[in-house]
Amino acid sequence: IHAGEARDTERVTLAVDLDGFGSRGMDLETFRNVGKILREMYPERMGQVLLWRAPGIFGMFWKAIRPYIEPATFAKIKFVEAAGLCEFIGSNDLPDDVVSMQDASAI
């Protein structure tokens, strides 16, 4: 966030790779704390939240947390594939393995 301020960037795009998410990763308290930090410390800084590679089990967690997400925040959340990441984040800012996945899906 501080680096973005130095470049006069007003919004943050948060990309979350959910690969490997499982029952041990379903921590509602951590989710609430992260949300609280973003809301209270950096209000209106969040541009998009990109959820990538969400496994089937994530659906249960999503149903549990969805009621706690404010409508304005919910509108910023998108489930994306590798190509979708590149719509919001420049390929030079993504890890090489993500760029190669995006390139492979374009073939």
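This briefing describes the confidence, salt bridges, nonpolar cores and largest pocket of one protein chain. The structure is a predicted model, with a mean pLDDT of 78 across the protein. Two salt bridges are found in it, and its largest nonpolar core is made up of eleven residues. The largest pocket has a volume of about 600 Å³.

**Confidence of the model**

- Residues that reach a pLDDT of 70 or more make up 81% of the protein.
- Confidence is highest in strand β3, residues 77-80, where the mean is 90, and lowest in helix α1, residues 2-6, where the mean is 58.
- Where pLDDT is low, predicted coordinates should not be read in detail.

**Salt bridges**

- One salt bridge joins the side chains of D17 and R53, with a distance of 2.5 Å from N to O; this pair links distant parts of the chain, since D17 belongs to strand β1 (residues 12-17) and R53 to the loop between β2 (46-52) and α3 (58-65), 36 residues apart.
- The other salt bridge is formed by the side chains of R53 and D19, at 3.7 Å from N to O; because R53 sits in the loop between β2 and α3 while D19 sits in the loop between β1 and α2 (28-41), the pair ties together parts that are 34 residues apart in sequence.
- Taken together, D17, D19 and R53 are linked in a network of salt bridges.
- The members of this network can also be described by their accessibility: D17 is partly exposed, with a relative accessibility of 36%, R53 is partly exposed at 29%, and D19 is exposed, with a relative accessible area of 52%.

**Nonpolar cores**

- The largest nonpolar core consists of L18, F21, M46, V49, L51, F58, F61, W62, I65, I69 and I77.
- Two elements, β2 and α3, give two or more residues to this core, and the largest share, four residues, comes from α3.
- Another core lies apart from this one and has eight residues, including W52, A82, L85 and I89.
- As a general background to such groupings, nonpolar side chains tend to be buried together in soluble globular proteins.

**Two residues and their contacts**

- V49, a member of the largest nonpolar core, is in contact with L14, K76, I77 and K78 when its neighbours within four places in sequence are left aside.
- Q48 is found in strand β2, and with a relative accessible area of 17% it counts as buried, because the limit for that term is under 20%.
- When residues up to four places away in sequence are not counted, Q48 touches V12, T13, L14, K76, K78 and F88.

**The largest pocket**

- The lining of the largest pocket comprises 26 residues, and those that lie nearest its centre are F31, V34, G35, V49 and I65.
- The elements that give two or more residues to this lining are β1, α2, β2 and α3, and α2 gives the most, with eight residues.
- V49 and I65 are named both among the residues of the largest nonpolar core and among those nearest the centre of the largest pocket.

Note on methods: Residues numbered from 1 in each chain as written. Predicted model: local features only at pLDDT ≥ 70, side-chain atom pairs only at ≥ 80, totals over all residues. Heavy atoms only, no water. Salt bridge = Lys/Arg side-chain N within 4 Å of Asp/Glu carboxyl O. Buried < 20%, exposed > 50% of the residue type's maximum accessible area, 1.4 Å probe, protein only. Core = buried A, V, L, I, M, F, W, Y, C linked by side-chain atoms within 4.5 Å. Contact = heavy atoms within 4.5 Å. pLDDT = per-residue confidence, 0-100. 1 Å grid on protein atoms, 1.4 Å probe; cavity = no way out; pocket = protein on both sides within 12 Å on 5 of 7 lines; lining within 4 Å. Points joined across faces, edges and corners; volume = space filled by probe spheres on them.
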